[in-house]
Amino acid sequence: MLRSIIRSSSLNSTSLFFRFCRQLPRSYLSRSSSTTAGVALRRLSSPAVTERRLFLHRGLRLLSAASGGLNGQFSRLSNRSVATQAAASYSGGIIGTSQDEAWKLGFEKMSEQFISECKSKAVLFKHKKTGCEVMSVSNDDENKVFGVVFRTPPKDSTGIPHILEHSVLCGSRKYPLKEPFVELLKGSLHTFLNAFTYPDRTCYPVASTNTKDFHNLIDVYLDAVFFPKCVDDIHTFQQEGWHYELNDPSEDISYKGVVFNEMKGVYSQPDNILGRITQQALCPENTYGVDSGGDPKDIPKLTFKEFKEFHRQYYHPSNARIWFYGDDDPIHRLRVLSEYLDMFDASPARDSSKVEPQKLFSGPRRIVEKYPAGGDGDLKKKHMVCLNWLLSDKPLDLQTQLALEFLDHLMLGTPASPLRKILLESGLGEALVNSGVEDELLQPQFSVGLKGVYDENVQKVEELIMNTLRKLADEGFDTDAVEASMNTIEFSLRENNTGSSPRGLSLMLQSVAKWIYDMDPFEPLKYEEPLKSLKARIAEEGSKAVFSPLIEKFILNNPHCVTIEMRPDPEKASQEEVEEKNILEKVKASMTEEDLAELARATEELRLKQETPDPPEALKCVPSLNLSDIPKETTYIPTEVGDINGVKVLRHDLFTNDILYAEVVFDMGAVNHELLSLLPLFCQSLLEMGTQDLTFVQLNQLIGRKTGGISVYPLTSSVWGRDDPCSKIIVRGKSMVGRAEDLFNLMNCVLQEVRFTDQQRFKQFVSQSRARMENRLRGSGQGIAAARMDAMLNVAGWMSEQMSGLSYLEFLHTLEQKVDQDWEGISSSLEEIRKSLLSRNGCIVNMTADGNSLTSTEKYVGKFLDLLPEKLSGGLVTWDSRLPLRNEAIVIPTQVNYVGKAGNIYDSGYELDGSSYVISKHIGNTWLWDRVRVSGGAYGGFCDFDSHSGVFSFLSYRDPNLLKTLDIYDGTGDFLRGLDVDEDTLTKAIIGTIGDIDSYQLPDAKGYSSLLRHLLNVTDEERQIRREEILSTSLKDFKEFAEAIDSVRDRGVAVAVASQEDIDAANKERSNFFDVKKAL
């Protein structure tokens, strides 16, 4: 298992929060589909991204392995390089769509434009019969994307759009099985497969590099949205939405439902609660005044009749926007659509779904709310306060919107940004919360706030925010800051690096953000002219003349301001549980004996339906690929291993559009054990403290002006066949090739010249890190549980947990006090870490660019290496620690649980075979999906096999159960022994696994993957062997794997992140099953 904890100059992450490059929407992402979600690669994003975007991801769904959402699996065979990025040149050879051809298929061409920014020809069509609009984007990108989007404004917080988004993928007219979505997960080469529910729209996107697979995905999704079974099947509504559950008339009634439990998890997180209140307080009079995801208190008010009517009203072609992108045939796109759209007549849905703007307030408002908090610690310093403005009563023009996004970056985008810096350095709070411009809905908003605030300091925070904004309006911004922001934004736009998400999906979400409101869908894709115009204005008028009026108009003189104060309440969670219990008791009391018997019968009927597999004939209707469609040979990344000045250098000759990607790797083998937990803060200090000649602000701006960003982070992993772990510090950077010298000079500056002397800044780092960890405990408890189990089972897991798990949180609590008591000692320890890391001995350099650029860069690499110490100051240490093996329950204030169990199957005698990847995926997509999610009501249930260490892990996410889920895990061996899979099912499992390991990568990710394989001794020969083992997987392999899984049942450890009430009940049912540890 590979673990890395990112610490970056936040410049490196700009694409996450700059308008044109956003990768995740303001939405509830759809269906939990990963067998490894959030387990194999544990990353904590840079502080800026974590704090600024957290509230947007309410209900963040666990994406499929191939989509790469939360999942960062890097197995021993992961190819991650199915396609080499083609040279970005548009020759005009893309197949066109003539007006005559489109007309014959029922479409009218509305507009056609060439989008130079993405080298694409884009054509907007309208379906003549229904008015459905279609955006057809053609280019040479093989990672093809399709999406259908409906405007779905809710009128209440029962969660109709969210529940419907789940439900339409549970069978349709042409695919009448329980969940075609899961069948696609099992046997598709998709690079993205999911759905999103926004506050006012619902999106259904898919992507694939395989044309046949792409067409299969499109057909399943079109049939799902237009002809779903769920509107005639109340069982789907009950499963995905809510239902009363009663196993026996003598027992208590409970609520169950996937969305119900998902939203219970959302409403357990303070940042999410603040985000919901902010949206509703700013827009109380339109659709944004309710929660499209659903409030757990309101979800049980939703009726099946209302559910059906919502689909009838809004899921119609007249209310749809459809997107195509990539190198597939544009005529075929329209041909596929016409088969569906021609079945419909025009509908008034487009008019009835319009989102009305919120009228601006005449004066500011203030709201005070409570949030559920743990009883430990000083509650007086756990307040949150946030100031929020609705910026306009109508959508803004692109020029103004771009300027506001630029202003947002200047004020908050980096650790050196003045508003962010002043707030964090004030000592009035621990971390930013819900801060920044949001423009993905009809009207843009701006928010800024702090959490971890003493109750007596709330007013001071409000005053500091307003005073700082006035000062910025009066004085403007530093010239270097403006230049750094401009370079950062421009670099990000031109790089167009969407990570593991398809570029076409990013463009779709940008376009839809205007298109859904009946505005120009082309405009958001074209940034060159607005950016050029903004740069010209800044050059001619000065930045103050551009940005100060924006601050004054949209913030300082804007009466539509809502201040929200959140107060901690240690009783709130238990009170809500009591309220729910009282409601259910009244429901039961109102029922007759016959009613209760009928409810128990209905509960069993639903469970039986959920746990009964689809018949083979139904499964065959889902289109799938054949094994003959799958390449037998693994794809190789070009890698040349050489040296510069005696240091090993890996070179990857790939087209990168004149960008150099570079990593410098140092070994952690000489770092003392007691300093391990300091490493993440050491990495942050390198990027956020100054040198003798540069303040940290100047250094940060210099990185922004000269490069595309620098990050520093630790990485640990077990290594197959070795006892000692791989433990490294990675310095990662990127720049235009012409700036390569600047990049390596700045890397050297960060590593060798930064001084660990700023006590107050370091104290901020500690407080911010603790706040992030506490938020992670509440929102991603499955990651905390996985890290804890790993730390019990292998050394690399222990090392990672010391730097990113519960042990790290405990360390931060102690360190907060120590900073004031022994700063000199801490500063010395940071310097000792540096001396233990920096050396040419054991250093590795990894570079990705075209061949000529790599050659021209070598002289700068040589100079950088010459400046490094030749040898380490200390000797190597031995890493052999682990946490004690025990079942552990970690207590947090939550309405749902995160339940894990793990064991090392190599210890049971299992020998690695590629079939294990197929089996693991099948377990997650069948047994765990059906029992933990569908029947159990959890938001997600998944498993992971870390082939480097041998650890096999089970995990659940937002789970209403605890011991019941552990029993399901323990039944996995029997499930495998009783399995009878036919050839089609086995083929799907194999193809799906190949899709995971061959998932699409951009050039920088290819070079980085090659580096990781080198560090972990994963050879191309071994990858080919594993691939052949995958392709030859048989039913016999499944049966034999049952014994290995039984060892997890018999000798594994269980860790749950759960509520005190559920833990007490578990320990009562199974005497002292868990050792209890209170975390919050």
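## Close-up views of a predicted model

**Close-up 1. The second largest cavity and what helix H26 brings to it.** With five residues, H26 gives the most to the lining of the second largest cavity. Everything shown here and in the other close-ups comes from a predicted model. Helix H9 (270–282) and strand S19 (445–453) also chip in, each with at least two residues of that lining, as does H26. The space inside comes to about 270 Å³. There are 17 lining residues, and those closest to the centre of the cavity are Pro270, Tyr371, Lys451, Glu774 and Arg778. Sorted by class, the lining holds eight charged, six nonpolar and three polar residues. How many cavities of 30 Å³ or more does the count come to? The answer is 16.

**Close-up 2. Where helix H26 meets helix H27.** Stay with H26 (residues 759–779) and look at its meeting with H27 (residues 781–793): the two axes come within 5 Å and cross at roughly 100°. An angle from 65 to 115 degrees counts as roughly perpendicular, so that is how H26 and H27 sit relative to each other. On the H26 side, the residues to pick out are Met773, Arg776, Leu777 and Gly779; on the H27 side, they are Gly781, Gln782, Gly783 and Ile784. By class, this contact is made up of four polar, three nonpolar and one charged residue.

**Close-up 3. Helix H5 and its surroundings.** Is H5 (residues 180–187) largely enclosed or largely open? Largely enclosed by the rest of the structure, because eight of its eight residues are buried. Going along the helix, these are Pro180, Phe181, Val182, Glu183, Leu184, Leu185, Lys186 and Gly187. The cover over them includes one strand, S9 (190–193), along with helices H6 (211–226), H22 (616–619), H32 (915–935) and H35 (983–997).

**Close-up 4. Helices H32 and H35 packed together.** Both of these helices are among the elements covering H5, and they also pack against each other, at an angle of about 105° with their axes 9 Å apart. H32 and H35 are therefore roughly perpendicular. From H32, the contact uses Tyr917, Val918, Lys921 and His922; from H35, it uses Thr985, Ala989, Ile990, Gly992, Thr993 and Asp996. Broken down by class, that gives four nonpolar, four polar and two charged residues.

**Close-up 5. The largest pocket.** This one has a volume of about 1,600 Å³. Its lining takes in 50 residues, and the ones nearest the centre are Glu577, Pro960, Glu1061, Asp1062 and Ala1065. Strand S13 (254–256) and helices H8 (258–266), H20 (572–589), H33 and H39 each give two or more residues to the lining. Which element gives the most? That would be H20, with 10 residues. The lining splits into 20 charged, 18 nonpolar and 12 polar residues.

**Close-up 6. Helix H33 and its cover.** H33 (residues 963–970), which also helps line the largest pocket, has these buried residues: Leu963, Thr965, Leu966, Ile968 and Tyr969. Strands S28 (898–904), S30 (951–957) and S31 (1053–1058) are among the elements that cover them, as are helices H32, H34 (972–977) and H39 (1060–1069).

**Close-up 7. Two asparagines with positive phi.** Asparagine 434 has a phi near 50°, a positive value in a residue other than glycine. Look for asparagine 434 in the loop between strand S17 (431–432) and strand S18 (436–438). Its relative accessible area is 1%, so asparagine 434 is buried. Asparagine 657 also has a positive phi, about 60°, although it is not a glycine. Asparagine 657 belongs to the loop that runs between strand S22 (647–653) and strand S23 (659–667). Is asparagine 657 buried or partly exposed? It counts as partly exposed, with a relative accessibility of 37%.

**Close-up 8. Phenylalanine 811 in helix H29.** You'll find this residue in H29 (residues 806–821). Phenylalanine 811 counts as partly exposed, since its relative accessibility is 22% and the buried class means under 20%. Setting aside neighbours within four places in sequence, phenylalanine 811 is in contact with Ser677, Leu678 and Leu681. For a sense of distance, serine 856 is 45 residues from phenylalanine 811 in sequence and 45 Å from it in space, C-alpha to C-alpha.

Key: Residues are numbered from 1 along each chain as its sequence is written. This is a predicted model: local features need pLDDT of at least 70, side-chain atom pairs count only at pLDDT 80 or more; totals for chains, interfaces and linings use all residues. Side-chain values use heavy atoms; hydrogens and water are left out. Buried means under 20% relative accessible area, exposed over 50%, partly exposed in between (1.4 Å probe, protein chains only). Helices (H or I, at least four residues) and strands (E, at least two) are DSSP runs, numbered from the N terminus. Contact means heavy atoms within 4.5 Å. Axes are lines fitted to C-alpha atoms, for helices over the stretch in contact, and angles run from 0 to 180 degrees between N-to-C directions. Angles under 35 degrees count as roughly parallel, over 145 as roughly antiparallel, 65 to 115 as roughly perpendicular and the rest as oblique. Ala, Val, Leu, Ile, Met, Phe, Trp, Tyr, Cys and Pro count as nonpolar, Asp, Glu, Lys and Arg as charged, and the others, Gly among them, as polar. On a 1 Å grid over the protein atoms alone, a cavity is a set of points where a 1.4 Å probe fits but cannot get out, and a pocket is an open set with protein on both sides within 12 Å along at least five of seven lines; lining residues have an atom within 4 Å of a point. Grid points are joined across faces, edges and corners, and a volume is the space filled by probe spheres set on the points.
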